[in-house]
Amino acid sequence: MEVSILYVRLRMSRRAGYKFTNRKNPIKGIAAFILGVIALGSLILAIYLTFQNQGAAPLQYAVAVILSICMAIAGMVCGIMACMEKDIFKLFPVSGITLNIVALVLGGFILYMGLSI
């Protein structure tokens, strides 16, 4: 029982403290995250609409995939530039880079499969 009381007191003492820092969320990191969400969302939407159309993909879906790849490349560049800054929070740049890599791989796979058929 004493161990659990000690654990609760230790947890309470850590929550009461505040960390003041000069770090901030970089604008380029947030832009990378937003570009990744848009690129991945448009790819998923193009896949879904193609599936609803029984596999027949109009030219507009191919253009959407190509634009998504361009957005993913721009997002990766923004994310890498944001990661190189000093004294920043890394949440948005790293998640933006991750989303953009996923979008780039998925878009490349879709284009490869479309060109090979």
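Me: Taking accessible areas from the Shrake-Rupley method with a 1.4 Å probe, where for residues only the protein chains shown count as cover, how much area does the chain expose?
Reply: The chain exposes about 8700 Å², and carbon and sulfur atoms supply 73% of that area. Keep in mind that this is a predicted model, in which local features need pLDDT of at least 70 and side-chain atom pairs count only at pLDDT 80 or more, while totals for chains, interfaces and linings use all residues. Residues are numbered from 1 along each chain as its sequence is written, and side-chain values use heavy atoms, with hydrogens and water left out.

Me: And what share of the residues is buried?
Reply: Of the 117 residues in the chain, 21% are buried, where buried means under 20% relative accessible area, exposed over 50%, and partly exposed in between, with a 1.4 Å probe and protein chains only.

Me: How many helices and strands are there?
Reply: The chain has 4 helices and 0 strands, running α-α-α-α from the N terminus on. Both kinds of element are DSSP runs numbered from the N terminus, with helices being H or I of at least four residues and strands being E of at least two.

Me: How do α3 and α4 sit against each other?
Reply: The axes of α3 (residues 59–83) and α4 (residues 91–116) come within 8 Å and cross at roughly 155°, the axes being lines fitted to C-alpha atoms, for helices over the stretch in contact, and the angles running from 0 to 180 degrees between N-to-C directions. The two helices, α3 and α4, are therefore roughly antiparallel to each other; angles over 145 degrees count as roughly antiparallel, under 35 as roughly parallel, 65 to 115 as roughly perpendicular and the rest as oblique.

Me: Which residues make that contact?
Reply: With contact meaning heavy atoms within 4.5 Å, the α3 side includes V65, I69, M76 and C83, and the α4 side includes V94, I97, L104 and L111. By class, this contact of α3 with α4 has 18 nonpolar, 5 polar and no charged residues, where Ala, Val, Leu, Ile, Met, Phe, Trp, Tyr, Cys and Pro count as nonpolar, Asp, Glu, Lys and Arg as charged, and the others, Gly among them, as polar.

Me: OK, and at what angle do α2 and α4 pack?
Reply: They pack at about 30°, with their axes 8 Å apart, so α2 and α4 are roughly parallel to each other. Among the residues that meet are F33, L40 and I47 in α2, and F92, L99 and I110 in α4. The residues of the contact of α2 with α4 divide into 16 nonpolar, 6 polar and no charged.

Me: Switching to loops: where is Q54, and what is its phi?
Reply: Q54 lies in the loop between α2 (27–52) and α3, and its phi is near 55°, a positive value in a residue other than glycine. Most residues other than glycine have a negative phi. Q54 counts as exposed because its relative accessibility is 76%.

Me: What about D87, buried or exposed?
Reply: D87 counts as exposed, at 56% relative accessibility. The residue D87 is in the loop between α3 and α4, and its phi, near 50°, is a positive value in a residue other than glycine.

Me: Last one, what does F89 touch?
Reply: Not counting residues up to four places away in sequence, F89 touches T21, R23, K24, N25 and P26. F89 is in the loop between α3 and α4 and is partly exposed, with a relative accessible area of 30%. The C-alpha atoms of F89 and N22 are separated by 9.9 Å, although these residues are 67 residues apart along the chain.

Definitions and conventions:
Accessible areas come from the Shrake-Rupley method with a 1.4 Å probe; for residues, only the protein chains shown count as cover.
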